[in-house]
Amino acid sequence: MDLIYQLRVKDARLTHKALDALKNQSQLRMLDLSNNKLITDKACEKIAIYFPRLHVLNLYNTNITDVGLTQLLNCQELKTLHVTGTKVSWQGANELRAKM
């Protein structure tokens with residue numbers, strides 16, 4: 001199987017189910033799902049399970065909330081997270097930042 005380290009899938013109509021096709025790519029380091037309005041908290045749960053070594057995650061303009069954000073605490077190597085244009089609150093973002 002070929003290894004994927006970076007993946008950009010912007011401006012599509014992806015849901016959390018699309019992530020299942022990538023579940024064996026645990027070495028993924030950068031994932032850009034920006035402008036996929038069908039991405040929800042369920043996707044965050046799968047991202048944390050499937051991609052534990054993720055460094056950069058772009059969820060700009062998706063439908064994630066503070067609930068999904070807490071799932072990402074399992075991504076212990078996460079350095080950059082973009083959540084502008086989501087339903088994440090300032091409080092939720094600050095709480096995640098304090099725990100990272």
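In the next few minutes I will go through the sheet, helix 1, the largest pocket and one loop residue of this structure. Please keep in mind throughout that the model is a predicted one.

Let me begin with the sheet. Four strands make up an open sheet, and reading across it they come in the order 1-2-3-4, with parallel pairing. Strand 1, residues 6–8, and strand 4, residues 80–82, are the edge strands, each of them pairing on one side only. If we ignore direction, neighbouring strands of this sheet are turned against each other by 5 degrees on average. To take one pair in more detail, strand 1 and strand 2 are joined in the parallel sense over three bridges, and within that pair Q6 has M30, in strand 2, as its bridge partner.

From the sheet I move to helix 1, which runs over residues 41–50. How much of this helix is buried? Seven of its ten residues are, and the helix is therefore largely enclosed by the rest of the structure. The buried residues are D41, A43, C44, K46, I47, A48 and Y50, a list in which you will notice both D41 and K46. As for what covers these buried residues, the cover includes two strands, namely strand 2 at 30–32 and strand 3 at 56–58, together with helix 2 at 66–71.

Next comes the largest pocket, whose volume is about 290 Å³. Its lining consists of 13 residues, and those that lie nearest the centre of the pocket are L81, V83, A93, L96 and R97. Which elements give two or more residues to this lining? They are strand 4, which we have already met as an edge strand, and helix 3, residues 90–99. Helix 3 supplies the largest share, with four residues. In terms of residue character, the lining of the largest pocket divides into eight nonpolar, three polar and two charged residues.

Finally, I would like to turn to a single residue, T15, which sits in the loop between strand 1 and strand 2. Is T15 buried, exposed or partly exposed? Its relative accessibility is 30%, and because buried means under 20% and exposed over 50%, T15 counts as partly exposed. Once neighbours within four places in sequence are left aside, T15 is in contact with L38 and I39. With respect to D32, T15 is 17 residues away in sequence, and the C-alpha to C-alpha separation of the two in space is 13 Å.

Notes. Residues numbered from 1 in each chain as written. Predicted model: local features only at pLDDT ≥ 70, side-chain atom pairs only at ≥ 80, totals over all residues. Heavy atoms only, no water. Buried < 20%, exposed > 50% of the residue type's maximum accessible area, 1.4 Å probe, protein only. Contact = heavy atoms within 4.5 Å. Pairing = 2+ DSSP bridges. Axes fitted to C-alpha atoms, helices over the stretch in contact; angles between N-to-C directions. 1 Å grid on protein atoms, 1.4 Å probe; cavity = no way out; pocket = protein on both sides within 12 Å on 5 of 7 lines; lining within 4 Å. Points joined across faces, edges and corners; volume = space filled by probe spheres on them. Nonpolar A, V, L, I, M, F, W, Y, C, P; charged D, E, K, R; others polar.
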